[in-house]
Amino acid sequence: MKKIQIVCSFIMLSLVCSTISFAADTIKIGALFSVTGPASFLGGPERNTAQMVVDEINKAGGVKGRKLELIVYDTAGDATKAVQLATKLIKNDKVVAIVGPSTSGESMAVIPVAEKEHIPLVSCAASIKITEPVKKWVFKTAQNDALAVAKIYEHLQKIKQTNVAILTVSDGFGSSGREQLKAQAEKHGIKILSDDTYGPKDTDMTAQLTKIRGSQAQAVIVWGTNPGPAIIAKNARQLGIKTPLYMSHGVSSKKFIELAGDASEGLRLPSGRALVADMLPKSDPQKKSLLSFLKDYQNHFKAEADTFGGHAWDAVMLVKNAIEKGGDSPAAIRDQLEKTRNFSGISGIFNFSESDHAGLTKDAFVMIEIKNKDWMIVK
Amino acid sequence: MQFDQVLQYALSGLSTGAIYALIGIGFSIIYNATGIINFAQGEFVMLGGMLTLFFLELLKVPIWGAIPCAIAVSTVAGLLFERLAIRPLRQPTPINLVIITIGGSILIRGLAMLLWGKDTHALPPFSGDEPIAIGGATILPQHLWILGITIVIIAINKFYFYHTISGKAMRACAYNRRAAGLVGIDVRRMVLFSFIISSAMGAVAGIIVAPLTMVAYDMGVMLGLKGFCAAIIGGMSSGIATVVGGLLLGVLESLGAGLISSGYKDAIAFIILLLLLFLRPQGLFGKPESERV
Amino acid sequence: MKKELLKFAAFALLVMLMPLAFKGGYLMNVLVFVGINTMLSIALNLLLGYAGQISLGHAGFFGLGAYLSGILTASYGWNAWLAMPLAAVTVGILAYLIGFPILKLKGHYLAMATLGLGIIIYIVFNETVDLTGGPSGLSGIPNLAIGGLRFDSDVKNYYLVWGFTLATVLFALNLANSRVGRALRAVHDSEVAARVVGVNSRLLKVQIFAVSAIFSSLAGSLYAHTMTFISPASFGFNFSVELLTMVVIGGLGSIYGSFLGAALLTLLPEFLRAAHDYDIIIYGALLMVMVMFMPGGLVRGVPELYRKLIKLKGGADHA
């Protein structure tokens, strides 16, 4: 029995430790980001950005004179952990709202917790399933993958290249994209000639590309996050594939250009406006938010911001605005979130309503092309 | 189905398979000298790649200096691992050793993440990236490097194990450790040697594959797993059988992806391996041996 | 035997009283997973610790239980109490059939074959999108319910899961002390000798493999109904390795050891969270240190450590 006693005392100790950290008079916002693990390319910038935004808000006097406190936990991309930590945020830390998680899988896992405990959740993940059907307490800031697909398909329709091959990664991001690519094809008059997948840790995709080369596809659409698409771009170059490659918004960071090198020339992808902020016309309503986000990020972290951090920027700002308008109870925040209109964020212009908790249209995306290792807007 | 497609599948499979083989031999060498399945083997592959990047990008060492440095540091890591974690073990049962190596791999991966961050990085190829056409299929110069270096390493291995005293001593350990000890072979030293050799080989594998696959702190997990499979198909031999095992695995994956289904390609490879094992429980290349009681 | 029973009663009492100490904090949620992992570790320990057969694919059986339960209830509207045993029986039969060829293999071939099996199951979860939802996961799995009582809070789930876990402990203790348990240990020590004295070692190994798979499947069903969302990532190779680690760190061939191993490795990340980015390094180092200094697992190592401490203290008193 001695061992059990020891285990118990450990448990007690940790419980005591975890309840110590509370400060009076702050409004607590919880955050779940996958700072480590396979989705760290999302969670890392998101955590940085969220912390930065909260610091900036507090520096400017907080919300209604009260300071915000951000409590961030790392989910490591693990759905089980995300659920445990969401419970911890709600029950132990008593947060009034949660931003994140970073990935669709984790978000889907956390949704039942938020719904049951009546805490607003502003997810930073892309899958359309998170807000469709609409869940009372769940919102999201990342552009729907459905919108990205629509953007690519419209572009292809315009240049009359309607026979495509798709190559998607077999994880949550890729399979959600694949579903949308297949679902929307008919509507846009697109024919999918070849439908292949690759594993998130695969190191060579020449087999899939060889198969695609054998088909009559006029465009190849690749749905994945780094490093897979960079390897595919290099493989395609090795095989001498001349068919134009289209990528998803999952690679919209400078990292992709760095990884794919010369093979990235001429690739096209739909992306949020953060990548091309300086090229936008003055009249663009998002320009102000974008430039301030990019400048703050550069000052804080001495690194270039990407669109992923922008999801967290939007989430924190939306929650802050809701608190300003309605007060700091979870129910009031939820109600005010739903009333958000014309909020110019990083990912786009948000208009939430009772029937729409994603709030963006496909205008949140612009088609961009990689030229001379930089982004260009495709007219 | 066209011939040049199949040729491309085969060539792609062979070049991935060569890497599996190289990692697999690392597994076999340690297994034969010690009976340990070293789950940290994949981390030495990662160390090779990450250290090359580290010397190249951060310390600005030219590539031909960075590579030997990376191999040297990885080898020292292997040496330390044996000295600090394997040798002091009080009850070296196989299962305890497995857990030690699992712990070691988590530790090494964690250190790499802390030191070099979580980002993926690209490494330049050794000699350009102009594709080379071979009868309708194309490969990169780097693939030739991989195949060439694999062959050289296997030749060196062969020479070491059959024509040097210490190589022969290691084979004796593999055959019967106690008997080897009785005839005066320092078994503990051979164990240390086996870790040194296989960590160096792992690092080489990581370095030559890095320009194609890119490097990240977690690249060793999948490659280690595949190398382990290659070694087992080869019957844990440190010679040609494991090479065949690796190439077989690579080609099966590539053909599976191209001809049947890209989603199920790993499953196809594993199902074929399972069926082969069911038909020949003693391993593909093993002879049925009578059980020792 | 009486002592065994007393020990179990004390353990059960402790488990039952635990929630009073936590009053529904989030650690209750973690303790639910300690229960599920304890079930899984015991299942694997029956195979590894008693019969001496390694498996690197147990996360697959765990996942099959979770997905069968999840699909039958969420997509086909079955009653969860019907889905759960059906899943367990299906997984048991599957394990039984595949057990014959697989358990013919020995040593690293067995490790490789079970690893392959686990990976194949994992890929099937990922690829049969219409059925499992693929990598995006399966949501909308209902909670278990008895009459009007729905197991929808951490405390309720705690009692549900630990009810099953305690039953598993009792079953495993009984099995270990029965004729079967003795036969298993004989197979573990020497298969040939066991055969000589009349143990049908082959059948026995396959049967224990199936039993182990059944308990893993039950744990999977419980996981699905408490989480209400499952995705393939929870059932991959890494989790198989983690289970193996739990069994070895806890102590091979000890039922309470499996509990200690599962509890430690499930709770450890909670303690280590304070260490932020260093947590993974500490975790790895702890695994190594524990095997080095407690090669027999926690269940043997902790009492030994305790005795040493007493001795040390005694020595100091004398001086």
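This passage describes two interfaces of a predicted model, that of chain A with chain B and that of chain C with chain B, together with one buried residue of chain A. The model is predicted, local features need pLDDT of at least 70, side-chain atom pairs count only at pLDDT 80 or more, and totals for chains, interfaces and linings use all residues. Residues are numbered from 1 along each chain as its sequence is written, chains are lettered from A in the order in which they are written, and side-chain values use heavy atoms, with hydrogens and water left out.

The contact between chain A and chain B (heavy atoms within 4.5 Å) takes 27 residues from chain A and 32 residues from chain B. The area buried there (the accessible area, 1.4 Å probe, that two parts lose on being put together, summed over both) is about 2500 Å², and carbon and sulfur atoms give 50% of that area. On the side of chain A, Lys201(A), Thr203(A) and Gln238(A) lose the most area to chain B, together 24% of what that side buries.

Between chain A and chain B there are four salt bridges (a side-chain nitrogen of Lys or Arg within 4 Å of a carboxyl oxygen of Asp or Glu). Arg237(A) forms a salt bridge with Asp129(B), in which the closest N and O atoms are 3.5 Å apart. The side of chain A that touches chain B divides into seven nonpolar residues (Ala, Val, Leu, Ile, Met, Phe, Trp, Tyr, Cys and Pro), 10 charged residues (Asp, Glu, Lys and Arg) and 10 polar residues (the others, Gly among them).

Turning to the other interface, 45 residues of chain C are in contact with 44 residues of chain B, and the area buried between chain C and chain B is about 4000 Å², of which carbon and sulfur atoms give 81%. In chain C, His108(C), Tyr109(C) and Met112(C) lose the most area to chain B, together 17% of what that side buries. The count of salt bridges between chain C and chain B is zero. The residues of chain C that touch chain B divide into 34 nonpolar, five polar and six charged.

Within chain A, Glu338(A) is buried (under 20% relative accessible area, 1.4 Å probe, protein chains only), its relative accessible area being 12%. Leaving aside neighbours within four places in sequence, Glu338(A) is in contact with Phe139(A), Phe352(A), Ser353(A), Glu354(A) and His357(A).

Conventions:
Buried < 20%, exposed > 50% of the residue type's maximum accessible area, 1.4 Å probe, protein only.
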